[in-house]
Amino acid sequence: MSDNRKIWMNGELVCYKDAKIHVLTHALHYSTAIFEGIRCYNTKKGPAIFRLPEHIDRLFKSAKMYSMQIPYSKNQISNAIIKTIKANLLNECYIRPIAYYGHGEMGLTPKNDINVSIACWGWRIGETSAGNVTGAKCKISSWIKIDPRSQPMKAKAASNYANAALARIEALNDGCDEAILLNHQGKITEGSAEHIFIVKDGCMYTPPLTAGIFNGITRDSIMKMIKLDGENVLEVDLDREDLYVADEVFMVGTAAEVKSVTEIDHIKIGDGEPGMITRKLQNKFKDVTTGNDKRFSSWLLYI
Ligand SMILES: Cc1ncc(COP(=O)(O)O)c(C=O)c1O
């Protein structure tokens, strides 16, 4: 069977099987890579990328935090993303741009050799495992979220994800779907790759950026949507116990979209079923990402 998939590597589209890097790549040994996770949705007006400028800005900010000079402009990266989606004939996909220190003389000091790749793969709306249809089961991880004093946690950097992967593995081994990490103060931070919200007595709450969480684009979108609908969402530090006794818990992220959490540490949240407010938000988010809610049409870039 022929494989027509293409990956953009340093300015060129190459065949999927040829998109290789050297084993002595600095990023492979020392995690010096920064990346993004972006979605393209299928809408009535054709494929549209969700909040592309915000993702590109974040990519460049992550690079800056690692003293990485991306050898392309923001415009060039945006155009390369569009080109890669089109070359792969995708309407609905996940997009993964990555910039990383390449190979040269081996050693911890990175050389000024920045490589950029863009891959994308088909991903339909609502296509994540637990949490969309049924509720996800979560585990409070025994792994503490890396403190932002140790490394820049506002960068979407590969080095942050060993911590997240350890938490995810532990959760899966315990029969759960996802992990929730506490910070060094014992406050709730986020999931391994999504932000967390709770609903209590009709109001919504989510941990503040000062809890050491990632600056999420879906989190920002959801908060703007909630506020525009005249509802309340407060950024406050949350304790583990606040989650157990919440009426509803949900998680949001580019990959996760809006996913319901119905169990934490084997304790049922509310009645153990996805809550009404979460369900409503799932539908509203779907309307926004597929262009049916005109109030947020500026968040979609039709390609
Ligand atoms: C640690 C972490 N939290 C939250 C998120 C969700 O952020 P976003 O909505 O920008 O995808 C991600 C995904 O990038 C993440 O890696």
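A polar contact is taken here as a pair of N or O atoms within 3.5 Å, and in this predicted model the side chain of R58 offers such a case, with one of its polar atoms lying 2.7 Å from an oxygen atom of the ligand. Two further side chains approach the ligand in a comparable manner: an N or O atom in the side chain of E190 is placed 2.6 Å from a nitrogen atom of the ligand, while a polar side-chain atom of T254 is found 2.5 Å from a ligand oxygen atom. In total, the ligand is surrounded by 14 residues, of which K156, Y161, E190, T218 and T254 are the closest.

The protein is divided by the domain assignment into domain 1, covering residues 6–122, and domain 2, covering residues 136–294. The centres of domain 1 and domain 2, taken over C-alpha atoms, are separated by 26 Å. Across the boundary, 21 residues of domain 1 make contact with 25 residues of domain 2, and the area buried between domain 1 and domain 2 amounts to about 1900 Å², with carbon and sulfur atoms contributing 60% of it.

Polar interactions also link the two domains. Between domain 1 and domain 2, 11 residue pairs are in polar contact, counting those in which both residues have pLDDT of 80 or more, and two salt bridges are present. In one salt bridge, the side chains of R39 and E257 meet with an N to O distance of 3.7 Å. On the side of domain 1 that touches domain 2, at least two residues are supplied by each of strand 3 (33–35), strand 4 (38–43) and helix 2 (52–65). The residues of this side comprise nine that are nonpolar, six that are polar and six that are charged.

Conventions: Residues are numbered from 1 along each chain as its sequence is written. This is a predicted model: local features need pLDDT of at least 70, side-chain atom pairs count only at pLDDT 80 or more; totals for chains, interfaces and linings use all residues. Side-chain values use heavy atoms; hydrogens and water are left out. Domain bounds come from an automatic or database domain assignment. Contact means heavy atoms within 4.5 Å. Buried area is the accessible area (1.4 Å probe) that two parts lose on being put together, summed over both. A salt bridge is a side-chain nitrogen of Lys or Arg within 4 Å of a carboxyl oxygen of Asp or Glu. A polar contact is a pair of N or O atoms within 3.5 Å; within protein, one must be able to donate a hydrogen and the other to accept it, and residues adjacent in sequence count only if both atoms are side-chain atoms. Helices (H or I, at least four residues) and strands (E, at least two) are DSSP runs, numbered from the N terminus. Ala, Val, Leu, Ile, Met, Phe, Trp, Tyr, Cys and Pro count as nonpolar, Asp, Glu, Lys and Arg as charged, and the others, Gly among them, as polar. A residue is near a molecule or strand if one of its heavy atoms lies within 4 Å of it.
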